[in-house]
Amino acid sequence: MERLIKQGIDLIKGIWSLGVGLAVTAWYLVNRKITVQYPKQVVPREASESFRGPIELVGQPKDPATPKCISCMMCVSACPSGCISITKQKPPKLSPEEEKAFAEAEARGEKPKRPVAPRNPATWRYNYTYCSLCACCIEACPVNSIKFSNELYLAGTSRGDFHYDLLARLKRKAAEAKAAEDAKASETKDSGSADAAAQPGSPNISQAVPEKADEASSASGQAKSEAAL
Amino acid sequence: MNEFSLWTVFTLVVGLVAILAFIAGNAMALVWMERKVAGFIQRRPGPNQLGPAGVLQSVADAVKLLFKQILKPSNADSIIFFLAPILSFFPVALLFMPLPFSPFFTAYSPNLGLLLILAFSGINVLAVLLAGWSSNNKYSLYGAARGVSQSVAYEIPLLLAVLAIAFQHGTLNLSEIVEQQGGWPWQWNVFTQPLAFLIYFISIFGETNRSPFDLPEAESELTAGFHTEYSGMGFALFFLAEYANMVLVCCVATALFLGGWKGPFLDGFWWFLAKAYGLLFIMMWVRWTYPRARFDMLLNLNWKWLLPLGALNLLATAFVMKLF
């Protein structure tokens, strides 16, 4: 008898749950649609911020167009797919006279300081077609110069479109950020409040560096020519 | 009433042509409706590119199916393989004949209309079996075996529910059953026979292989079930038959339980279509709500619940009809 009552209760609960399910779908049926139709609409900026797309370089706080990277090659050896290739910069070439002076000094037994190569990389290439977004390079980087970008909408017509030059990309981004900030600053100046430029705007790295407007415009022009390349 | 005359032949031919057009048009409309309902329930817009709100999408699909090459697996049994889709679609036109869309729009009104529908809808099971058997494919065979055991099982409670209505009205003629019901909802059979309606409505999901009872074509287990190997028009015929059967069972439910073409005002075929489409919408709603039932659950529900309930309902109906 007890078993029968239990079965009866289960039956009623089961039938009730069917109704609950129908109510949920009916609510969705009449409710707002939440998908976006890609070529015509894109998701808002806030929604893509948590997206982890292809990696990008992080600029220095004082010079956003130059990466923090010290060309230590840790990421290159950490990458399981071998999609990162970096070339270091060479030490500046000495003129024959300087070379001679250094040789003479060394001959005298002194230890002259020869100019060393800058630590920044000469090229930083990233093949996204092989990348599995495993974040090994990000963990390996000793100076936190790599991060995931939030590029949602990637489309290309050839494989080469996904072989990125991240140095150029960083320069372009920095110039864009600066141009946007300048535009904002001039806008607020026109409206009368000069100190409005200091307000927190879009989360750009370049905000930390206040620079003159004419420099920015030349930088953006340079970035544009690089992007075209 | 139904003596053979030239006029009968004429109405039959016109009715058949109209029914075939109705089936084809309905299938396309229903595919669009199904995709829209699915989309809306999943909080996306569904097809919306081709034509206003994507209505032309199913036309494009139909054209694609027409132009697709018909392939046959090399070890399949040719004759049966190509016979099966034809056999699946063939009886459908016949099944629509006795449906009373309105007093005027009834192609053929025999005394045993209900029996005709029940008898010929069984041919679809044979088509499923032949398709699965001749495809020489394990998925097809499994799908066919499931389809047959399921359809045969669910036909019994369905029949019991329909019989209860026949007992109540003392006729198997669908037009007369509609005639005896009133226009207002409380005059419909669904109020005198709610249990029969419930059993009928659950059974038609099993009969038409619709989710949550779509085990013969369970795509996550059997690729596409019995029609795995069919392409082009072979597939299209199965598809057409499936949707036509959906329309059919909903139309029969409308005639039996929901007062057919009668409405509170302005009787006519629009009431019939509106009620049938309402039922079709509920079928789609259910499909996109519930997960697929396991096979033993499916048969347990049938043999342990629907069949005894149907039999009891039938007995009670017979008892009440005899007493009063």
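Why does Ala135(A) count as partly exposed? The reason is its 14 C-beta neighbours inside 10 Å, since partly exposed lies between buried (20 or more other C-beta atoms within 10 Å) and exposed (12 or fewer), with C-beta atoms placed from the backbone. This is a predicted model, where local features need pLDDT of at least 70, side-chain atom pairs count only at pLDDT 80 or more, and totals for chains, interfaces and linings use all residues. Residues are numbered from 1 along each chain as its sequence is written, and chains are lettered from A in the order in which they are written.

**View 1. Ala135(A) sits in a loop of chain A.** This loop runs between β3 (121-127) and α5 (136-140); helices (H or I, at least four residues) and strands (E, at least two) are DSSP runs, numbered from the N terminus. Ala135(A) has a positive phi of about 70°, though it is not a glycine. Most residues other than glycine have a negative phi.

**View 2. Here is the largest nonpolar core, with 87 residues.** Such a core is a set of buried Ala, Val, Leu, Ile, Met, Phe, Trp, Tyr and Cys residues joined through C-beta atoms within 7 Å. Helix α11 (residues 232-257) of chain B gives the most to this core, 19 residues.

**View 3. Meet the place where chain B touches chain A.** Here 9 residues of chain B are in contact (C-beta atoms, placed from the backbone, within 7 Å) with 9 residues of chain A.

Technical notes: Two residues are in contact if their C-beta atoms, placed from the backbone, lie within 7 Å.
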